Amino acid sequence: MKMIWGIFKRDMCHATRNVIAVIVSMGLVVVPALYAWFNIAASWDPYGNTKALKVAVANNDKGYKSDLIPVRVNVGETIISTLHANDQLDWQFVKSDKAIDGVKSGEYYAAIVIPKGFSADMMTLFSPDIKHAQLKYYLNEKINPIAPHITDQGATTVVNTIDKTFAKTIAQVGLDLASSILHYSQSPQMAEYMRNLNGNLTTMADTLSGASQQVTSYSQLLGSANDIVDSTGKLLASATKAGKQAQNALKQGKSGATSLTSAGANVTSSVNTALDQVSGAFDQVAAKVNKAFDAIGKGSDTAASQLTALSEQVSSGESLYDTYITSLNHMRESVEQLPDSDSAKQALLEAIDREITLLEAAKGDSQKLAQQLKDASTQVTQDTAAAESSRKEILNRITSAKQSISNVRDDYATNVKPKIDALASTVSTLISQTDSMITQLSGTADGLDDVTGDVGTNVTSIRSTLGAIAKKLDSSAATVKELITKLETGGNAGDGNSDGGDGDNDADSGESDELRALATANASTLSTLISAPVALHRVSVYPIANYGSAMAPFYTILSIWVGAIILCAMLKVTISDREKAHVLGLGDTLPRIAGPSGPGNASRWGLRLDHEYFGRYAIFALLALLQGTLVCLGDTYFLGVQANHALQFLAVGWLAALVFSNIVYTLTVSFGDIGKAVAVVLLVMQVAGSGGTFPIETLPKFFQMLYPFLPFPHAIDAMYAAMAGSYGNEYLLDMVYLALFLIPSLLLGLVLRKPVIRLNNWVSRNLESTKVM
């Protein structure tokens with residue numbers, strides 16, 4: 001220890017002997033800190049200054065107007081208005097020619113051009129031939145490596161804004177329409193229609209009751225006057241004619257019910273067939289996609305051809321969606337033929353509309369899948385490195401498309417089909433009862449025609465038959481009155497004014513109240529919710545204050561290693577024979593028996609090789625600790641880098657300074673200038689493989705394998721733990737892993753150094769013999 005202290009004391013005297021030496025020593029401590037501070041300050045908040053990036057926007061949209069939407073719609077103008085209020089980037093609103101030329105010249109980082117038919121393409125959502133509206137995005141990728149990613153985010157924001165605005169508009173139109181329908185159902189016109197219907201039914205019931213009374217009177221007078229019998233025959237003929245008219249009136253309702261049942265059966269068959277075919281086709285496509293990507297290594301052209309064929313196969317399958325949509329539209333036309341007073345009609349129409357919307361969404365997923373397959377076929381011939389990413393995206397799109405099909409099947413089975421069956425059953429039952437009653441009445445009247453033909457032979461039989469007719473007329477009148485009561489009850493339930501009734505009426509009243517609440521709510525608020533039903537709530541775990549603080553560990557650790565290299569470049573790592581003699585108290589020179597100058601030549605006088613190693617390293621360690629202290633304190637108190645645990649943050653800097661300086665010192669002592677070069681190579685490797693800038697998982701396999709055997713990653717992780725918090729023993733483990741790098745360094749410097757010294761001397765002699773190196 002005495003020898004080590006003696007060497008260190010003389011080194012400190014030499015380092016502070018004059019002003020120049022002190023200035024150089026101070027420079028060795030300050031330069032690494034300046035390197036770290038400059039880089040941290042430069043990257044403090046780069047994404048907060050993106051508003052200086054110029055992005056051109058050109059609007060060529062001509063707008064859209066049709067009979068379906070009589071108001072002129074121009075989505076391009078809406079986009080421009082929205083971007084005027086957006087300060088994410090420096091939006092430049094110019095003509096399309098200037099925008100494209102500005103991207104080529106470098107005046108703009110990117111350009112977004114809205115084509116002429118943009119609004120028209122978006123409104124094809126309401127037509128069978130749906131077109132995908134596209135924005136033209138021009139990007140200059142050579143100006144800066146990061147700017148394209150920032151401008152891409154801006155373009156994505158524009159697309160998302162368009163999607164949300166369009167969905168909000170469509171939803172608001174639908175809600176306004178539902179509100180208008182509900183208001184119309186409660187309007188005086190609708191109330192007048194219902195009063196007229198009830199009045200007609202009441203008149204019919206009164207007519208039937210009057211006919212019953214007349215038949216009874218004729219039966220009583222039959223025995224006294226044949227003229228009355230003749231009058232009775234005419235009356236019955238009139239009743240028969242009225243019954244036939246009533247039957248004709250019911251045929252339309254019966255036809256509607258039959259058409260509804262038939263349409264429901266046809267759609268059910270179409271659903272099962274179409275969805276099973278599409279689902280099976282997607283399974284085959286997924287298998288063929290994997291097969292195509294597996295063939296990339298054998299031949300990109302073969303894989304591209306297979307992907308192109310798959311894209312065409314998926315596109316050809318879109319006709320199945322159109323078949324299903326056509327069947328649903330036919331069923332919707334059948335439902336619209338039902339009376340507007342039927343409470344189940346509107347619910348069924350809404351269920352069918354929702355089914356069509358889900359099916360169109362599934363068809364959109366299929367179209368996106370076809371486009372992705374087509375893009376992938378081009379990509380594999382140009383950039384095979386991104387093939388695996390394309391495979392995952394395509395397989396995810398297939399899974400999304402199959403889920404959309406499953407949603408269509410589930411919604412149909414849960415909402416549409418039960419309502420169709422229930423409505424058809426209710427309508428058929430009511431029509432059958434009424435038709436049966438009138439058929440019985442007609443049959444009775446036909447039987448009476450024969451009886452009146454032979455009235456003189458069997459008056460008693462005629463009077464008996466007339467009594468039966470009277471009873472049936474009373475029964476018919478009662479049935480019509482019951483129908484009137486049900487209509488009145490249904491109307492009261494729809495108005496929310498029913499005072500009682502069975503459970504079905506209560507349920508209908510509840511549904512009506514919910515519909516009324518939905519239609520009377522704020523349409524703008526509801527449409528905003530529908531256009532963006534999911535909001536992202538970001539929860540930061542171990543939050544970092546800003547981008548500069550996030551990059552501080554990487555630049556700080558990097559500067560400490562750079563400082564260690566500077567120390568070995570500026571300070572001597574070997575001890576001269578004169579210094580050895582002074583430490584040993586032998587004067588200015590070692591005795592001649594010491595042999596040639598070099599490490600270990602004074603060991604016979606007690607100055608061993610390990611004394612030389614630690615004695616000279618002491619000043620390196622001191623200056624390295626000063627470097628680490630200055631850079632860490634400057635990060636915390638000068639730049640304001642986040643450090644929740646300041647002492648732990650400083651401890652990482654100290655340990656990294658000792659470890660890095662010892663590694664570089666040992667390499668230089670053992671291999672001379674070659675060791676310095678190795679230290680620089682290690683620096684370059686660690687910049688790429690430390691995960692300080694990009695996650696290690698995104699780097700090539702070689703760097704992922706090298707990651708655990710480099711000191712940088714452990715030092716950076718320990719510094720992050722000190723800044724934002726540690727999970728369990730994360731901080732202590734990283735500190736231990738970092739300290740373990742001293743073991744191979746000391747092993748090389750103390751144990752393996754002797755054979756290395758001879759090798760280094762031989763290399764040095766050969767290099768000096770060149771007279772150049």
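Trainee: In which helix does I23 lie?

Mentor: This is a predicted model, and I23 belongs to a nonpolar surface patch together with V19, I20, V24 and M570. Four residues of that patch, its largest share, come from the helix that spans residues 19-42. The helix in which I23 lies is therefore read from its place in the numbered elements, and that element is helix α2.

Trainee: About how much accessible area does the nonpolar patch on the surface have together?

Mentor: The patch is formed by V19, I20, I23, V24 and M570, with helix α2 giving the largest share of these residues. Taken together, the accessible area of the patch is about 490 Å².

Trainee: Is C568 buried or exposed?

Mentor: The limit for a buried residue is a relative accessible area under 20%, and C13, at 46%, is partly exposed. For C568 the relative accessible area is 1%, so C568 is buried.

Trainee: Which strands stand at the edges of the open sheet?

Mentor: Four strands make up this open sheet, with mixed pairing and the order β2-β1-β3-β4. An edge strand here has a single partner strand, so one side of it is left without a neighbour in the sheet, and this holds for β2 (90-93) and β4 (136-139).

Trainee: Which residue in β4 does I112 stand opposite?

Mentor: Strand β3, which covers residues 110-114, pairs with β4 in the antiparallel sense over four bridges. Within β4, the residue that stands opposite I112 is Y137.

Conventions
Residues are numbered from 1 along each chain as its sequence is written. This is a predicted model: local features need pLDDT of at least 70, side-chain atom pairs count only at pLDDT 80 or more; totals for chains, interfaces and linings use all residues. Side-chain values use heavy atoms; hydrogens and water are left out. Patches are made of residues with over 30% relative accessible area and no salt bridge: like charges are joined within 9 Å, nonpolar side chains (Val, Leu, Ile, Met, Phe, Trp, Tyr) within 5 Å. Accessible areas come from the Shrake-Rupley method with a 1.4 Å probe; for residues, only the protein chains shown count as cover. A salt bridge is a side-chain nitrogen of Lys or Arg within 4 Å of a carboxyl oxygen of Asp or Glu. Helices (H or I, at least four residues) and strands (E, at least two) are DSSP runs, numbered from the N terminus. Buried means under 20% relative accessible area, exposed over 50%, partly exposed in between (1.4 Å probe, protein chains only). Two strands pair if DSSP finds at least two bridges between them.
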